[in-house]
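Colleague: I'm new to reading protein models. Could you walk me through one, feature by feature?

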Amino acid sequence: ITKTTLVSPLAGFLVLQDIPLDSGRRKPQVGDSVWSGQPIATIPDLSQLVVQTRIRETDLHRLREDVVARLDLEAYPDLVMNGRVVDIGSLAEASPDSPWKFFSVRLLVDRTDPRLRPGMSARVSFRLDSASRVVVVPADAVFPCAGRSCCCRADSTGGGSVVVCRAAARYRGSRVFAVESV
C-alpha cells in the first residue's frame, strides 16, 4: 500500500468520513480495516454551499420553501451571507438536551467565499415578516384597555399617552408587541 497513489478528479481538500465501529463511529485511523465500496473520505463541492439547521416544531407553520435567511458566520463576524430554504424535514426529531422537537431545514447559500469550510458554524435568522414605522415593546409593558392591548408612550415633553398595540410576535425568543407609530 505504500506504493499506492490516489488521484482525485476534483480540486479541493479531503474530508474524512466517520466509519462504523462496535463502539460507535469515528474518523478512520492508521491500522483500521476498510472494505471495498466503503466511503472513507469525500471532496466537497464548494461551488454550492449548503447550511443545515433546525427549527422548533412550534415555529414550523411560519416557515416555507424559498424563505430568505441571514447567515452570520461565527468564524468571520464581518461576513454576512444570505441563504434560501430549499427543504424542510418531514419528521420531527427529539433533542436530548431540550424539551422541544425540531425539524431539519436545508438552505442554499447565495454565494461562496474562499474562507468557508464544511462544518463551520453559522447563526441562521429567518426573515418571516417585516413592519415599518413601528416601535417594539416587551410583552410585560402591554396591558388590556377597552378590550384591546395597549401600552404607554412617552413624548419629548415628559408626558405620555396610551397607544394600541397591533400585533404580538416573538423577537429573539421573547414575546413582543408592535406598536403603531403615530
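Modeller: Happily! Keep in mind that this is a predicted model. Let's start with the core: the largest nonpolar core has 17 residues, and Met81 and Leu107 have the most contacts inside it.

Colleague: Which elements give two or more residues to this core?

Modeller: They are β5, β6, β7 (80–88) and β9 (101–109). With four residues, β9 gives the most.

Colleague: Which residues does Leu107 touch?

Modeller: Contact here means heavy atoms within 4.5 Å. Leaving aside residues up to four places away in sequence, Leu107 touches Leu49, Val50, Val51, Thr53, Ala69, Gly83, Arg84, Val85, Val86, Val124 and Phe126.

Colleague: And for the chain, how many helices and strands are there?

Modeller: The chain has zero helices and 15 strands. Of its 182 residues, 21% count as buried. Take the contacts between residues at least 6 apart in sequence: 54% of them join residues at least 24 apart.

Colleague: Now pockets, please. Which residues lie nearest the centre of the second largest pocket?

Modeller: Val50, Arg117, Pro118, Gly119 and Met120 do, out of 19 lining residues. Val50 also appeared among the residues that Leu107 touches. The space in this second largest pocket is about 400 Å³.

Colleague: What kinds of residues make up the lining of that pocket?

Modeller: The lining of the second largest pocket divides into 13 nonpolar, four polar and two charged residues. Strands β5 (50–56) and β6 (68–73) each supply at least two lining residues, and β5 has the largest share, with three.

Key. Residues are numbered from 1 along each chain as its sequence is written. This is a predicted model: local features need pLDDT of at least 70, side-chain atom pairs count only at pLDDT 80 or more; totals for chains, interfaces and linings use all residues. Side-chain values use heavy atoms; hydrogens and water are left out. Buried means under 20% relative accessible area, exposed over 50%, partly exposed in between (1.4 Å probe, protein chains only). On a 1 Å grid over the protein atoms alone, a cavity is a set of points where a 1.4 Å probe fits but cannot get out, and a pocket is an open set with protein on both sides within 12 Å along at least five of seven lines; lining residues have an atom within 4 Å of a point. Grid points are joined across faces, edges and corners, and a volume is the space filled by probe spheres set on the points. Ala, Val, Leu, Ile, Met, Phe, Trp, Tyr, Cys and Pro count as nonpolar, Asp, Glu, Lys and Arg as charged, and the others, Gly among them, as polar. A nonpolar core is a set of buried Ala, Val, Leu, Ile, Met, Phe, Trp, Tyr and Cys residues joined through side-chain atoms within 4.5 Å.
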